[in-house]
Amino acid sequence: MKPNRRQFLAGSALAGITSRLVTDPRRAVPTSVGQPLPPGLPGVDYRPVEAPDMDKLPWKIVNGRKVFHLVAEPVEHEFAPGMRASCWGYNGRVHGPVIEAVEGDRVRIYVTNRLDVATSVHWHGVILPNGMDGVAGLTQRQIEPGETFLYEFTLRQHGTLMYHPHHDEMTQMAMGMMGMIVVHPRVPQEPQPDRDFVYMIGEWALPPGARRPDPNEMTDFNVLTLNGKVFPGTSPMVVKTGERVRIRIGNLSAMDHHPMHLHGYAFEVTETDGGVIPPTARWPETTVLVATGSTRTVEFVADAPGDWAFHCHMTHHVMTQMGHGIPNLVGLEPGTFDARLEEAVPEYANMGMDMGGGHMAAQEQDPTMPPNSLPMMGGPGGFGYITMGGMFTVLKVRDGIDGYADPGWYKPPQGTLADVASAEDLQADGVDVGR
Ligand SMILES: [Cu+2]
């Protein structure tokens with residue numbers, strides 16, 4: 001006989017919890033049998049996840065349930081200073097705020113539709129009753145404008161999951177309607193991280209100067225985001241040397257997988273949205289391909305101080321609003337040709353000889369740039385201009401920091417910085433650089 005809630009509360013907390021956990025062999029993780037447990041509390045049952053540049057959805061406990069209120073609504077969103085768009089999101093955010101809970105929680109999620117069109121919310125990867133799955137027309141009727149629906153289920157798993165509309169997905173997700181769900185384990189089976197980050201990665205079609213994302217685009221996405229931001233609008237992940245770090249990444253892009261690459265470390269992929277990967281089945285990686293419609297969780301010990309790039313490795317995904325229609329000018333002597341081209345096609349600013357680099361910095365002040373658009377790439381760094389944008393941020397690992405405020409740029413110790421070769425070294429090593 002299953003113990004009831006009263007029996008659970010009367011017994012030892014840990015024994016009560018573990019008695020309700022069974023191992024589902026398909027998931028290789030403990031899964032509660034569906035009876036709710038007392039709501040898990042931050043600082044007691046879990047260490048809260050950190051979502052750079054993103055909010056978390058507030059909750060309260062009423063009658064033993066965790067109660068959330070998600071509001072689908074139009075949102076004016078800033079991708080980075082200088083570039084805004086009229087999007088759709090949740091609770092004033094693009095993407096939607098992170099829903100954070102604990103395995104065994106009974107959650108009630110009210111969904112209010114403040115859009116002019118119908119919607120629904122699907123809880124991606126969550127094990128739940130069929131009628132709570134949020135597929136409009138299939139498992140429920142659509143949520144009409146002005147209506148509020150109630151979703152309620154017990155979280156029977158832990159992991160990194162997502163939410164998004166399952167009604168006119170192509171339009172609504174292209175407009176920004178998606179978010180992350182983090183469910184912490186009730187009884188952790190493995191060492192828990194000191195720093196636990198979560199990112200929703202995404203892609204947008206936003207022609208320079210446009211105010212609205214284009215849901216019809218199928219191939220040419222030009223704004224690539226981490227938690228709705230593009231570099232240099234992305235905040236760094238700040239970590240103390242030696243800390244165990246977890247990064248959870250979810251992808252609900254329309255059409256693309258994103259290979260997320262971390263510099264300076266090898267990590268292990270520890271979880272997917274299907275559950276925990278058994279430790280014996282993990283292998284080291286420096287890049288994890290996050291397919292659309294999936295999450296990947298990676299872990300490593302941050303034992304190397306520095307400013308380490310974390311970015312999508314598709315080269316066009318670390319750029320912003322690149323003009324795909326421009327002719328290939330790589331290697332061309334600009335001369336008078338540039339001036340003539342800019343006269344004729346002002347929105348295509350001077351791409352110069354290398355189509356990037358310092359020319360992009362100049363573009364920031366370029367009066368010919370269309371309003372409400374970003375330079376093709378880049379932002380300031382500790383050694384000049386960083387010629388990356390889009391889906392790019394920095395992991396800042398530091399010795400001797402008190403808190404997690406941005407510590408500024410890393411200063412490499414003497415002898416550990418690449419710099420111009422000295423004449424003495426060139427001569428001593430017999431390197432002839434020619435002319
Ligand atoms: Cu990508």
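**Overall fold and the setting of strand S25**

The protein has six helices and 25 strands, as seen here in a predicted model. Of its 435 residues, 41% are buried. Contacts that link distant parts of the chain are well represented: among contacts in the protein with a separation of 6 or more, 73% are between residues 24 or more positions apart.

A good place to begin looking is the interior. The largest nonpolar core contains 84 residues, and Val98, Ile181, Val198, Tyr199 and Leu395 have the most contacts inside it. Leaving aside residues up to four places away in sequence, Ile181 touches Ile99, Trp123, Val126, Leu161, Met162 and Tyr163.

Strand S25 offers a second point of entry. This strand spans residues 392-398, and because six of its seven residues are buried, S25 is largely enclosed by the rest of the structure. Two pairings of S25 can be followed here. With strand S14 (residues 237-240), S25 pairs in the parallel sense over four bridges; Val239 has Val397 in S25 as its bridge partner. With strand S22 (residues 306-312), S25 runs antiparallel, and six bridges join the two. Here Ala309 is matched with Val394 of S25 as its bridge partner.

Confidence in the model also deserves a look. The mean pLDDT of the protein is 86, and 80% of its residues reach 70 or more. Over residues 1-30, however, pLDDT stays under 50, and the model has 35 contacts beyond four places in sequence for this stretch. Residues 347-364 likewise have pLDDT below 50, with 39 contacts in the model beyond near neighbours in sequence. Where pLDDT is low, predicted coordinates should not be read in detail.

Technical notes
Residues numbered from 1 in each chain as written. Predicted model: local features only at pLDDT ≥ 70, side-chain atom pairs only at ≥ 80, totals over all residues. Buried ≥ 20, exposed ≤ 12 C-beta atoms within 10 Å, placed from the backbone. Contact = placed C-beta atoms within 7 Å. Core = buried A, V, L, I, M, F, W, Y, C linked by C-beta atoms within 7 Å. pLDDT = per-residue confidence, 0-100. Pairing = 2+ DSSP bridges.
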